[in-house]
Amino acid sequence: MQKEIVRINDIIDQVSKYNQEADLDLIRKAYVFSAKVHHGQTRLSGEPYLNHPLWVAKILADLNLDEYSVSTGLLHDTVEDTYATLDEIRQTFGQEVAFLVDGVTKISKLSTKSRLDRQADNFRKMILAMSKDIRVVLVKLADRTHNMRTLQYLPPERQKRIAQQTLDIYTPLANRLGLFLMKRELEDLALRHIHEKIYKEIEKNLVVTAEQREKYVQEVIGIIDEKLRQFGISAGIKGRPKHIYSIYNKMLQQNLDFKHIYDLTAVRIIVGERKECYEVLGIIHSIWKPIPGRLKDYISLPKANMYQSLHTTVVGPYGQRVEIQIRTAEMDMVAKHGIAAHWKYKEGRKIEQKDDQRFAWLQQVMESQQDVKDSKEFLETFRVDIFPDEVYVFTPAGEVFELPKGATPVDFAYRIHTAIGHSCVGAKINGSIAPLKYELKSGDVVEILTQPSHKPSRDWLKFVNTSRAKTKIRHWIKQQERERSIVLGREICEKEFRKHKQSFSKLLKDSEVLGLFRKDGVKNLDDLFSAVGYGRIRARQIANKFLPQELKEDLEEKAVKVPTKTVNKPGKGIRIDGLDDIMVRFGKCCNPIPGDRIKGFITRGRGVTVHVVGCDFLEDADPERAIDAQWDNTVHYTATVPIEVVTEDKKGLLAEITSSISATETNIVNAKIKTTLDKKAICIFEIETSGVEQLEQVIQTIKNVRGVLRVTRVRP
């Protein structure tokens, strides 16, 4: 946990070493300005606030960034947290620094409904700024890194929320930019605050086994060094311990405990030239037997984040697995600092996306986001594109395309062109017909079969993997749904007008009626008919506007605004904004319980279905039919929720767990237990709970039982 102070002279000395032409006076001036406007401010740790921007600047200097980036690190909070203005920054430090500061500054004045909305909007602005100048996100990542180092001074709830946000967004983004050291640090810091018990357990085990592992690694290095010398190859060889989060991830994914993970250390070999990488690979395989399927050539086919290296896993001394990485010194620098290792000190540092293939992924994201109007949807689609695993496939003409792992022929079709994606009817993989949901593998030759009259299918959303494909398919479906809803809404309105013997042409000519529904997002007649077709506005509300005064009944006041009303359905406890007297059901796909953030979805003829925000159904559904929903705290609601408890398989542990659940006054409806070959027990408990608060209490109580490895809520 960081609390030491960094000095401005240390930063200036560091910058001058890697960039002798840097304007060091700009950095000094930024420091003086920051010290002045932050004077008297302190952080929750009690230290002067100035310590934070100094550390952000130091992290940026560690990445060898230019003086404008380092100065921005010193100034990044001045516009948000002090009396300084952006115009003042521009006049004092110039347009370049002002642009970077503006890109990094948090948006505190957005009129959004929730913290999630605000986060999504902030993130979208950051990515838009990043597409113009990558330094914006580098400063933002440096800011997040120092905040994570000092996270312990925040309340526990905020610690976990910020740590989870870091894992969800910032670590994959750092990885996508090739900032391995930063990614590694952020992952470990996040795990420490999300699962402190697990983190400390792994940390303790690493300390206990450190001497034994070091001895083994030195033996492996000695064997490799002697063999390389025989072939006249000069190389630097060192062991790299795996970081705690990667060990935790492996334990989780493979359902292993710490003692069954053997490749805790990787050996890295640094050579002088590219051709020597392959020579060393051959030598390593002549010493030890390689494990099939574990050879990765990221030199011939670099990762999207510019990472290059050869990876192989071999059966080393005493039958233990050893992961070996082979790369040049330049490749090693890129592996550590990613895009920052490629920084050029010259004018015009902004990304030329058409010329620089290293940022092709960013160009694709920005193209896709043009069809996404909702910031939360943008945030979710962007997450898809910043995760690292890729496959490389070819067109019949030999052109190579990079796609994320799990991509399908439909993803490939949309990667080439939207029109090809829309008209895709089949695919040939390596010359043979393959299903559209086939998972592409590196080296596949893909030929897309099309028909001009063919249209996308909603079912494609169940298996496509890229955000581009999902966005294009959703956009097409939304357009089709809207067109159908306009036709349906118009027909409903015509019937309602005929019912009251009114002229429908009056509606078409009356512009004032649109103003009555402006709060519902109505801007024109198509919007109005669409809202009627979806069921958000009732046709009788519209017709009421044109009725004679003596026939209006009690509908007039409802024409302006339909009040929010508790749905009178026994036990539901849901409030639906804008609708009353409507049937409400819970989505079986996500099983919402009180305390979950929820959203309603207007179905055709079956009322409103309530889903948890983030549910896969809502992600693929038409957003036009989504509607706000809240839990009614005045209604008591009990739900049955399954939880999975993974434990050590030992006598008496089940009794302890059931006793701990009973101690929280929670009823166990059902329990299923099975054991595994590696001496673990997997228990599924169905418990009755009044909501998320009680559920979290139960989960935390179970976690405190000695021998419990993991407790999670099970979604259907």
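This report describes a four-stranded sheet, the helix across it, and two asparagines in a predicted model.

## The sheet

Strands β19, β20, β18 and β21 form an open sheet in the order β19-β20-β18-β21, with antiparallel pairing. At its edges stand β19 (668–675) and β21 (708–713); each has a single partner strand, so one side of each is left without a neighbour in the sheet. From one strand to the next, the twist averages 15 degrees.

Strand β18, which covers residues 639–648, and strand β20, which covers residues 680–689, run antiparallel and are joined by ten bridges. Within this part of the sheet, Val645 stands opposite Cys683 in β20.

## The helix across the sheet

Helix α27, formed by residues 653–663, lies across β18, β19, β20 and β21. Its direction relative to β20 is given by an angle of about 20 degrees.

## Two asparagines with positive phi

Most residues other than glycine have a negative phi. Asn64, although not a glycine, has a positive phi of about 60 degrees. This residue is placed in the loop between α3 (51–62) and α4 (67–75). Asn64 counts as partly exposed because its relative accessibility is 31%, a value between the limits of 20% for buried and 50% for exposed.

Asn591 also has a positive phi, near 50 degrees, and is likewise a residue other than glycine. The loop between β14 (584–586) and β15 (598–602) contains Asn591. With a relative accessible area of 21%, Asn591 is partly exposed.

Key. Residues are numbered from 1 along each chain as its sequence is written. This is a predicted model: local features need pLDDT of at least 70, side-chain atom pairs count only at pLDDT 80 or more; totals for chains, interfaces and linings use all residues. Side-chain values use heavy atoms; hydrogens and water are left out. Buried means under 20% relative accessible area, exposed over 50%, partly exposed in between (1.4 Å probe, protein chains only). Two strands pair if DSSP finds at least two bridges between them. Axes are lines fitted to C-alpha atoms, for helices over the stretch in contact, and angles run from 0 to 180 degrees between N-to-C directions. Contact means heavy atoms within 4.5 Å.
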